[in-house]
Amino acid sequence: MTDGAPSTPTTPVRLRDALDAVPAYVAGKPAAAQPGITAYKISSNENPYPPLPSVLDVVREQAGQINRYPDMGVAALTVKLAERLDVPAARIATGPGSVGVLGQIITAFCDPGDEVIFAWRSFEAYPILVALAGANAVQVPLTAEARHDLDAMAEAITDRTKVILVCTPNNPTGPSVRTEELEAFLDRVPEDVLVVLDEAYLEFVTSEEAPDALAIHRARPNVAVLRTFSKAYGLAGLRVGYAVAHEPVAEALRKAAIPFGVNSLAQAAAIASLEAFDELDVRVKELVSERARVVAGLEKQGWDIPDTDANFVWFGVGERTPEFAAACQAAGLTVRPYGTDGVRATIAEREANDRLLEVTAAFLEG
């Protein structure tokens, strides 16, 4: 080394070649302090409300037992979910967040060289998990309306396709797939290919055209549903999610799970949140109302915003993505930029949303 630059560490141990293809996950950055104003992090789609008091009470009580291992079978939560969703308990598989369960799906289904189809852009953990398995990610571009192009996804299926991921509502753009188009798509998918309906933002959905994923799952043996407690339930810091899949698939996902992946605090909080859903639903409806207010304000300003069924909005600003993100940052808002595709902003506290509308108005004027 002669130019003063740091050297790249080397190791004699042999790492997997697949790691070279793994993209880095970019987490939402914390809000940066700005002089004289409150900074808001609206980059991670977190629920802005604190946990319900009843949920916190349960967590505090459970915290006195963290010297013990959690129930590896997550039995109590599994039974509660089965009752709530009206599905057999044998169809439930849990994990550390829906992304953890998705990792179990990819592990259970994909050998090196197999293919996983998903829209792009969509949830950025998809290509990471696929690459870690040594499988090939088949990314199908979204439509001009930032929606899944299900016809193109069907045409991308080959004899190496093992899994298809349908993120609905789509993260980071917001639209849900429509029931009619999804049913037509599923009719074209071979029965030995698993289709995962990723519903991380289900509770925020208001579109009448959005599918009933559980009904579709019941009718189709190759459809699984993926959900999380991170968003609407406000348990992002505890990491608990689940899949609903037909018994042979759910059993495989449980085999692929890391032991004790759902910790005791997460399980207790998830159960308490299900029991307090009526209270949580009030908060969800308030966020949906705020979303409608923000979208109406943006459209009045002249923005063309994709239909969003989630707790965020998408700005397809293309090459101006860094500029838009910097303008938000200067106003005390940390948003989530995606290369030169666009920016995602979470619906948050009313003050944060008002400030976002101020930034977007100024950005258009500029």
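The following paragraphs describe the domain arrangement, a covered helix, the unusual backbone geometry and the cysteines of a predicted model.

The protein is divided into two parts, domain 1, which is assembled from residues 26–50 and 277–365, and domain 2, which spans residues 53–275. The centres of domain 1 and domain 2, taken over C-alpha atoms, are separated by 25 Å, and the contact draws on 24 residues from domain 1 and 29 residues from domain 2. About 2200 Å² of area is buried between domain 1 and domain 2, and carbon and sulfur atoms account for 53% of this area. Polar contact is also present between domain 1 and domain 2, with a count of 16 residue pairs, and three salt bridges are found across the interface of the two domains. A salt bridge is formed by Asp-307 with Arg-147, in which the closest N and O atoms are 3.3 Å apart. On the side of domain 1 that touches domain 2, at least two residues each are supplied by helix H10 (277–301), strand S9 (312–315) and strand S11 (336–338). Of the contributions to this side of domain 1, that of H10 is the most, at seven residues.

Helix H4, comprising residues 125–132, is mostly covered, in that seven of its eight residues are buried. The buried residues of H4 are Ala-125, Tyr-126, Pro-127, Ile-128, Leu-129, Val-130 and Ala-131. The elements that cover these buried residues of H4 include both helix and strand, among them helix H3 (97–109), strand S3 (115–120), strand S4 (136–141), S5 and strand S6 (194–198). H4 is followed by Gly-134, a residue whose phi is positive, near 80°.

Positive phi values also occur in residues other than glycine. Val-74, which is not a glycine, has a positive phi of about 50° and lies in the loop between helix H1 (53–63) and helix H2 (75–85). With a relative accessible area of 3%, Val-74 is buried. Arg-239 likewise has a positive phi, near 60°, in a residue other than glycine, and its place is in the loop between strand S7 (223–228) and strand S8 (241–244). Arg-239, at 31% relative accessibility, counts as partly exposed.

Cis peptide bonds are found in the loop that links strand S5 to helix H6. The peptide bond from Thr-168 to Pro-169 is cis, with omega near 0°, and Pro-169 is found in the loop between strand S5 (161–167) and helix H6 (179–188). The peptide bond from Asn-171 to Pro-172 is cis as well, with omega near 25°, and Pro-172 is also found in the loop between S5 and H6.

With regard to the cysteines, a disulfide is a covalent bond between the sulfur atoms of two cysteines. The count of disulfides in the model comes to zero. For Cys-110, the closest cysteine sulfur is that of Cys-167, and because the two sulfur atoms are 17 Å apart, they are too far from each other for a bond. Cys-110 is buried, with a relative accessible area of 7%, and Cys-328, at 0% relative accessibility, likewise counts as buried.

Conventions: Residues are numbered from 1 along each chain as its sequence is written. This is a predicted model: local features need pLDDT of at least 70, side-chain atom pairs count only at pLDDT 80 or more; totals for chains, interfaces and linings use all residues. Side-chain values use heavy atoms; hydrogens and water are left out. Helices (H or I, at least four residues) and strands (E, at least two) are DSSP runs, numbered from the N terminus. Buried means under 20% relative accessible area, exposed over 50%, partly exposed in between (1.4 Å probe, protein chains only). A disulfide is a pair of cysteine sulfur atoms within 2.5 Å. Domain bounds come from an automatic or database domain assignment. Contact means heavy atoms within 4.5 Å. Buried area is the accessible area (1.4 Å probe) that two parts lose on being put together, summed over both. A salt bridge is a side-chain nitrogen of Lys or Arg within 4 Å of a carboxyl oxygen of Asp or Glu. A polar contact is a pair of N or O atoms within 3.5 Å; within protein, one must be able to donate a hydrogen and the other to accept it, and residues adjacent in sequence count only if both atoms are side-chain atoms.
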